[in-house]
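Me: Please take a close look at a single part of the structure shown below and give one connected account of that part and its surroundings.

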Amino acid sequence: DFTVESLREFNGTDSKKPICLSVNGKVFDVTRGRDFYGPGGAYEMFAGRDATRAFANFVADESEMRDGYDSCDDLTPVQRMRVQDWEDHFMAKYYYIGRLLSPEEAAEDQDSSTRKALSQKVDQLVQEAERIAAEEVNDSRSVSTLRDLIGDESDSKKRN
């Protein structure tokens with residue numbers, strides 16, 4: 001999944017990265033349309049951006065693009081139908097690779113990632129504690145065995 005900020009790095013300026021754009025909350029890899037969406041292409045302004053509003057208005061113009069997250073809540077039913085048509089077009093032609101997250105979803109996703117990372121760290125610490133405890137048990141058994149051996153030797157020396 002992507003935030004508006006993380007989507008920007010897939011704008012076609014780095015040939016090692018895919019070119020992506022978002023329509024209706026879905027992110028698509030449009031790299032195979034590099035001639036259209038890459039640098040110098042007729043639709044390069046959509047690369048690395050949420051193009052929903054521009055598609056809703058049938059305008060290939062930077063002025064229809066928002067820099068931050070755009071919920072597009074104000075779109076009319078006709079505009080929503082246009083956006084759905086464009087989403088269907090991209091679903092049929094390109095690879096769907098994730099969602100464009102709202103700031104709230106991104107925060108929840110971050111919290112979830114943090115919880116997952118903490119959970120993994122706790123699991124690692126528990127495993128390490130169990131390993132150390134097992135080593136201590138083995139060490140105490142070794143000490144106990146050693147004491148038994150020493151005790152047996154000292155008993156036999158006392159008898160002699």
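Reply: Two strands are taken to pair if DSSP finds at least two bridges between them. The model examined here is a predicted one. The part chosen is helix α4, together with the strands and aromatic rings that surround its buried residues.

The setting comes first. The protein has five helices and three strands, and from the N terminus on these elements follow the order α-β-β-α-α-α-β-α. Of its 160 residues, 28% count as buried. Among contacts between residues at least 6 apart in sequence, 56% join residues at least 24 apart.

Helix α4 comprises residues 77-93, 17 in number, and spans 24 Å from its first C-alpha to its last, close to the 24 Å expected at 1.5 Å a residue. Its buried residues are Gln79, Val83, Glu87 and Phe90. Viewed down the axis of α4, these buried residues fall within an arc of 80°, so they line one face of the helix. The general background is that an α-helix has 3.6 residues a turn, so residues three or four places apart point the same way. On the other side of α4, the exposed residues are Pro77, Met81, Asp85 and Ala92.

What, then, covers the buried residues of α4? The cover includes strands β1 (20-23) and β2 (26-29), as well as helices α2 (34-37) and α3 (52-56). The two strands in that list, β1 and β2, are antiparallel and share four bridges. Within this pairing, Leu21 has Phe28 of β2 as its bridge partner. Two residues separate the strands of the β1 and β2 hairpin, where Asn24 adopts a positive phi near 55°. β2 is also joined by four bridges to β3 (residues 95-99), again in the antiparallel sense. There, the bridge partner of Phe28 is Tyr96.

The helix and its cover meet in the largest nonpolar core, which holds 19 residues; Leu21, Val23, Val30, Tyr37, Phe46, Phe55 and Phe90 touch the most other members. β1, α3 and α4 each supply at least two residues of this core, and α3 gives the most, with three. Among the residues just named, Val30 is in contact with Ile19, Cys20, Leu21, Tyr37, Phe90 and Tyr94, leaving aside residues up to four places away in sequence. A separate core of seven residues lies apart from the largest one, and its members include Val4, Phe10, Cys20 and Val27.

Aromatic rings form a further part of the surroundings. The structure holds 14 aromatic pairs. In one of them, the ring centres of Phe46 and Phe55 lie 4.8 Å apart with the planes at 50°, so this pair is tilted; both residues are buried. Another tilted pair, Trp86 and Phe90, has its centres 6.1 Å apart and 40° between the planes. Trp86 and Phe90 are about one helical turn apart, because four residues separate their positions in α4. Their surroundings can be told apart by accessibility: Trp86, at 24% relative accessibility, counts as partly exposed, whereas Phe90, at 0%, counts as buried. The cut-off that decides this is 20%, under which a residue is buried.

Both members of that helical pair belong to one aromatic cluster, formed by Phe28, Phe36, Tyr37, Tyr43, Phe46, Phe55, Phe58, Trp86, Phe90, Tyr94 and Tyr96. In summary, Phe90 lies among the buried residues of α4, is one of the residues that touch the most other members of the largest core, and takes part in the aromatic cluster.

Technical notes: Residues numbered from 1 in each chain as written. Predicted model: local features only at pLDDT ≥ 70, side-chain atom pairs only at ≥ 80, totals over all residues. Heavy atoms only, no water. Expected span 1.5 Å × (residues − 1). Buried < 20%, exposed > 50% of the residue type's maximum accessible area, 1.4 Å probe, protein only. Arc of directions from axis to C-beta. Contact = heavy atoms within 4.5 Å. Core = buried A, V, L, I, M, F, W, Y, C linked by side-chain atoms within 4.5 Å. Phe/Tyr/Trp six-rings, centres within 6.5 Å; stacked < 30°, edge-to-face > 60°.
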